[in-house]
Amino acid sequence: MSKIKIKANGKEYAVEDGLTIAEFIESTGANPRRCIVEHNLKPMRYETFAEVRLRDGDTIEIMEIVAGG
């Protein structure tokens with residue numbers, strides 16, 4: 001597979017073409033169920049993380065929800 005370039009949280013990444021947002025989040029060591037994502041400036045629902053495939057030039061912002069106290 002070929003590589004594409006995306007930007008996540010301000011950092012550039014070269015990832016496999018066709019990678020889903022859920023797969024990218026998992027590759028960072030985070031749990032997609034505990035994340036809020038903005039894809040190309042649009043908020044996403046968790047249910048779509050495994051359906052949306054990253055494309056060259058995409059920008060995503062990922063925030064992991066952490067409980068504390």
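The legends below describe close-up views of a predicted model.

**Figure 1. The five-stranded sheet of the predicted model.** The strands are arranged in the order β2-β1-β5-β3-β4, and together they form an open sheet with mixed pairing. At the edges stand β2 and β4; each has a single partner strand, so one side of each is left without a neighbour in the sheet. β1 and β5 pair in the parallel sense, with two bridges between them. β3 and β5, by contrast, run antiparallel and are joined by five bridges.

**Figure 2. Bridge partners along strand β5.** Residue K7 has T59 as its bridge partner in β5. For V37, the bridge partner in β5 is I62. H39 is likewise matched to a residue of β5, namely I60. V37 and I60 also appear in the largest nonpolar core, among the residues that touch the most other members.

**Figure 3. The largest nonpolar core.** This core has 17 residues, of which I21, F24, I25, V37 and I60 touch the most other members. At least two residues are supplied by each of β1, α1 (21–27), β3 and β5 (59–64). The largest share comes from α1, which contributes four residues. In soluble globular proteins, nonpolar side chains tend to be buried together.

**Figure 4. The surroundings of I25.** I25 is one of the core residues that touch the most other members. When neighbours within four places in sequence are left aside, I25 is in contact with A30, N31, P32, C35, V37, F49 and I62. Two of these contacts, V37 and I62, are bridge partners of each other, with I62 in β5.

**Figure 5. The buried residue H39 in strand β3.** H39 lies in strand β3 and has a relative accessible area of 15%; H39 is classed as buried because this value is under the 20% limit. Beyond residues up to four places away in sequence, H39 touches I21, M44, V52, L54, D58, T59 and I60. Of these, I60 is also the bridge partner of H39 in β5. The C-alpha atoms of H39 and F49 are separated by 9.9 Å, the two residues being 10 apart along the chain.

**Figure 6. The buried loop residue T20.** T20 is found in the loop between β2 and α1. Its relative accessible area is 4%, and T20 is therefore buried. Leaving aside neighbours within four places in sequence, the contacts of T20 are F49, A50, V52, R53 and L54. V52 and L54 are also touched by H39.

**Figure 7. The salt bridge between K3 and E16.** Two salt bridges are counted in the model, and one of them joins K3 to E16, with the closest N and O atoms 3.3 Å apart. The pair links distant parts of the chain, since K3 belongs to strand β1 (residues 3–8) and E16 to strand β2 (residues 11–16), 13 residues apart. K3 is exposed, at a relative accessible area of 52%, whereas E16 is partly exposed at 30%. Side chains of opposite charge can pair when their charged atoms come close.

**Figure 8. The salt bridge between R45 and E47.** The side chains of R45 and E47 meet in a salt bridge, with an N to O distance of 3.4 Å. R45 has a relative accessible area of 59% and is exposed.

**Figure 9. A nonpolar patch on the surface.** I36, M63 and I65 make a nonpolar surface patch of about 300 Å². Within this group, I36 is placed in strand β3 (residues 35–39). The relative accessible area of I36 is 45%, and I36 therefore counts as partly exposed.

**Figure 10. Positive phi values at N9 and N40.** Most residues other than glycine have a negative phi, and most peptide bonds are trans. N9 has a positive phi, near 50°, and lies in the loop between β1 and β2. N9 is partly exposed, with a relative accessible area of 44%. N40, too, has a positive phi near 50°; N40 is situated in the loop between β3 and β4 (42–43). The relative accessible area of N40 is 33%, which places N40 among the partly exposed residues.

Notes. Residues are numbered from 1 along each chain as its sequence is written. This is a predicted model: local features need pLDDT of at least 70, side-chain atom pairs count only at pLDDT 80 or more; totals for chains, interfaces and linings use all residues. Side-chain values use heavy atoms; hydrogens and water are left out. A salt bridge is a side-chain nitrogen of Lys or Arg within 4 Å of a carboxyl oxygen of Asp or Glu. Buried means under 20% relative accessible area, exposed over 50%, partly exposed in between (1.4 Å probe, protein chains only). Patches are made of residues with over 30% relative accessible area and no salt bridge: like charges are joined within 9 Å, nonpolar side chains (Val, Leu, Ile, Met, Phe, Trp, Tyr) within 5 Å. Accessible areas come from the Shrake-Rupley method with a 1.4 Å probe; for residues, only the protein chains shown count as cover. A nonpolar core is a set of buried Ala, Val, Leu, Ile, Met, Phe, Trp, Tyr and Cys residues joined through side-chain atoms within 4.5 Å. Contact means heavy atoms within 4.5 Å. Two strands pair if DSSP finds at least two bridges between them.
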